[in-house]
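Hi there,

Here is the structure I promised to pass on. Have a look at it first, and my notes follow below.

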Amino acid sequence: MATGVLATRPGVMEDPGERGRFGEYGGLYVPESLVAACREVEAAFREARTDPAFRESLAESLALHVGRPTPLTPARRLSAELGVTLLLKREDLAHTGSHKINNVLGQALLALRMGRTRLIAETGAGQHGVAVATAAALLGLPATVFMGERDVERQGLNVFRMRMLGTEVVPVGTGSRTLKDATSEAMRHWVADTEEAYYCVGSVIGPNPYPWMVREFQRVIGDEAREQCAGALPAAVPDYVVACVGGGSNAAGTFAGFVGTSARLIGVEAEGGAGAARGSLGVLHGFRSLFLQDDHGQITEAHSIAAGLDYPGVGPEHAHLRDLGRARYVTVSDEEVVDAAVRLARAEGIVPALESAHAVAWVIRAARTGELPPGATVLLTLSGRGDKDISTLKELV
Amino acid sequence: MSTGLLESPLRARRDGGHKLLMPYVTGGITPGWTGYLRAFAAAGADAIELGLPFSDPTLDGATIQEASDAALARGATAHGILAEVAELRLDVPLVASTYYNLVLRDGPAEFCRALRRAGVAGLIVPDLPLDEAGELADAAAATGVDLVLLASPATPQRRLDEIARRSRGFVYAVSVMGTTGERAALAEPAAALTERIKQGSDRPVLLGFGISTPEQAVEATRRADGVVIGTAIMRRILDGAAPDDVGAYLTGLRRALDQECDETRWPATPDTRRGTAP
Ligand SMILES: Cc1ncc(COP(=O)(O)O)c(C=O)c1O
């Protein structure tokens with residue numbers, strides 16, 4: 001395996017062990033009523049991941065239903081404008097339009113294996129919800145998706161898609177009426193039906209084993225990209241690997257493919273939802289990590305133009321990578337994000353999800369400020385496509 | 001076994017043949033909220049659960065969520081609530097309950113010291129299971145706060161024994177697989193759970209979640225040592241009930257529990273009340 005100056009210590013981005021720890025983060029901070037259910041998911045996942053039959057059926061689903069591998073597209077005109085070599089890992093071309101489907105198929109197959117008869121999930125932008133609705137339809141399972149009322153309003157297209165696929169969408173009116181509250185509601189719902197329901201978490205968050213399991217299901221992004229980079233770049237490994245971070249699943253999956261290389265890992269957060277860059281130690285939704293909160297320990301509301309980044313915390317492994325200095329977490333503003341989306345659309349014919357446009361925005365800024373040296377090679381995971389954001393963009397562009 | 005500031009009085013009351021009544025209130029819910037604590041004490045509460053509100057109470061149903069939001073909207077903070085409590089000098093032990101994020105904010109040691117300074121005897125943290133409780137359990141023990149652990153119908157027997165062993169004050173038996181909230185009937189797994197906890201432990205067992213009527217309380221205490229009443233109280237308070245109104249409601253519960261004790265005491269079957277002196 002190729003290693004370089006920034007090569008990671010052994011154990012980083014590997015199995016977090018029985019206690020689900022990434023450094024001091026992670027763990028299992030759930031009500032006693034959910035402990036047994038989480039343990040069951042962990043045991044099932046441990047067993048499934050080494051079972052050739054499970055791996056094969058997942059690989060087959062990813063090929064037949066998702067359309068994997070997704071391409072690595074050189075962003076030729078934007079690269080020329082920026083003076084860097086930018087390669088896009090095209091998760092926007094995955095079925096349902098984002099990386100979320102990779103994880104969902106893995107978990108849905110696991111749910112079947114565990115004999116669960118329905119899926120429950122939370123969603124922010126609706127991409128995870130659409131992925132769950134899709135997998136549920138594919139496998140013949142009913143699904144219930146919790147979504148903050150504000151997100152129901154701004155992601156109308158995805159709400160319709162979920163309902164079209166036969167999934168029940170439950171608007172959540174508590175708190176900030178966004179992803180944080182949808183997650184709380186999904187947990188409450190799960191407590192009441194752990195026998196039948198499988199809780200399909202949408203990012204590298206939640207109690208053990210979810211952060212680890214979701215990263216493993218998203219690792220396919222990084223593994224493919226690593227191989228594709230080896231064919232596309234003279235140095236085989238890019239200088240920078242960049243991905244947007246809400247909970248951090250597309251970033252974790254991408255980083256996992258490069259953590260053992262010399263690539264610099266950059267997670268890009270929304271200015272108003274920057275758990276890794278601005279959060280402090282806390283516990284929410286079953287895990288210990290970095291959260292936006294006030295002086296009294298109350299979780300504060302995150303704000304982002306991208307509903308999928310509107311989460312006040314970050315996955316525990318990202319907090320750990322930050323502490324280790326192995327990954328850097330930066331923020332961009334809503335304005336930079338809209339500019340970046342337009343620029344990518346006009347230069348490359350790709351309208352990105354606003355979430356993904358965060359990663360593009362950082363590359364544009366870093367090239368301008370010289371933080372990305374001229375000629376640098378950059379792999380950027382384009383986590384999703386922008387169709388869902390058209391109504392938001394229409395107001396701004 | 002040494003018993004702490006919460007467990008000693010609860011054991012004494014139980015061993016004296018009483019059923020335990022622990023009402024709950026969300027701290028800071030109204031301007032005169034400490035009046036509820038006085039009313040609870042006057043109505044014969046054996047302990048009082050004091051909720052320190054948190055923005056994201058994932059184990060609570062709609063009513064307690066609403067109460068937490070209302071208290072926070074009034075500017076309630078954990079330290080502010082504790083400062084008000086410190087001046088009360090109630091003769092009923094107080095048990096703080098909150099989510100782990102608030103404990104971590106101060107750090108477990110400092111948080112427990114703040115509880116002790118306010119005269120709080122116990123602590124309940126619903127999102128802190130046995131596996132993660134070590135750090136807080138040590139800090140609580142060092143400061144003399146009884147850290148109460150929760151048990152659920154889904155908890156396997158061996159783990160239940162461990163919870164009963166490591167819990168302090170009492171064991172909080174969660175009667176249902178679900179969140180806090182009123183229910184029409186006492187959940188069926190409640191009795192079985194109580195029995196299973198008592199198999200290997202003499203620690204008091206209080207049953208909570210979904211108990212709101214005198215009939216449910218009486219039924220629950222056929223096996224459990226006492227009950228926790230939360231949502232039924234908070235719904236009344238959110239609807240505008242004054243301390244006296246809630247006190248009257250609790251007096252009804254108290255009377256039902258006491259009558260039931262009198263009726264079952266004679267003739268007593270010796271094995272129905274563990275720990276009763278001969
Ligand atoms: C397209 C897209 N990218 C990114 C995210 C953020 O998720 P994560 O940070 O887990 O990759 C979302 C979430 O909804 C999304 O829809």
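Which residues lie nearest the centre of the second largest pocket? Before the reply, please keep in mind that this is a predicted model. The residues in question are A:Arg55, A:Leu58, A:Leu62, A:Glu216 and A:Phe217, out of 15 that line the second largest pocket. The elements of chain A that each give two or more residues to this lining are helix 1 (32-49), helix 2 (52-66) and helix 9 (210-232). The space inside comes to about 430 Å³. Sorted by class, the lining holds 8 nonpolar and 7 charged residues, with no polar ones.

Now to the ligand, which I expect you will want to look at on screen. It is surrounded by 18 residues, and the closest are A:Ser203, A:Gly246, A:Gly248, A:Ser249 and A:Ser383. By class, this shell has 11 polar, 5 nonpolar and 2 charged residues. Three contacts to oxygen atoms of the ligand are easy to find:

- The side chain of A:Ser249 has an N or O atom 2.6 Å from a ligand oxygen.
- A:Gly246 places a backbone N or O atom 2.7 Å from a ligand oxygen.
- A:Lys100 has a side-chain N or O atom 3.0 Å from a ligand oxygen.

How much of the ligand does the protein bury? On its own the ligand exposes 390 Å², and 98% of that is buried by the protein.

Some backbone details in chain A are also worth a look. The peptide bond between A:Arg68 and A:Pro69 is cis, with omega near 0°. A:Pro69 sits in the loop that runs between helix 2 and strand 3 (72-74) of chain A. Another cis peptide bond links A:Asn208 to A:Pro209, with omega about 10°. A:Pro209 belongs to the loop between strand 8 (197-199) and helix 9 of chain A, and helix 9 is one of the elements that help to line the pocket described above.

Chain B has 12 helices and 8 strands. Its radius of gyration is 17 Å, close to the 19 Å that the globule rule gives for 278 residues, so chain B is as compact as a globular protein of that length. Along the principal axes, the C-alpha atoms of chain B fill a box of roughly 50 × 40 × 35 Å. One residue to check there is B:Arg89, which has a positive phi of about 50° although it is not a glycine. You will find B:Arg89 in the loop between helix 4 (78-86) and strand 3 (94-97) of chain B.

Happy browsing, and best wishes!

Key
Residues numbered from 1 in each chain as written. Chains lettered and ligands numbered in written order. Predicted model: local features only at pLDDT ≥ 70, side-chain atom pairs only at ≥ 80, totals over all residues. Heavy atoms only, no water. Near = heavy atom within 4 Å. Polar contact = N/O pair within 3.5 Å; in protein donor to acceptor, adjacent residues only side chain to side chain. Areas by Shrake-Rupley, 256 points an atom, 1.4 Å probe, with all protein chains shown as cover. Nonpolar A, V, L, I, M, F, W, Y, C, P; charged D, E, K, R; others polar. 1 Å grid on protein atoms, 1.4 Å probe; cavity = no way out; pocket = protein on both sides within 12 Å on 5 of 7 lines; lining within 4 Å. Points joined across faces, edges and corners; volume = space filled by probe spheres on them. Helix = DSSP H or I, 4+ residues; strand = E, 2+ residues; numbered from the N terminus. Rg over C-alpha atoms; globule rule 2.2 N^0.38 Å.
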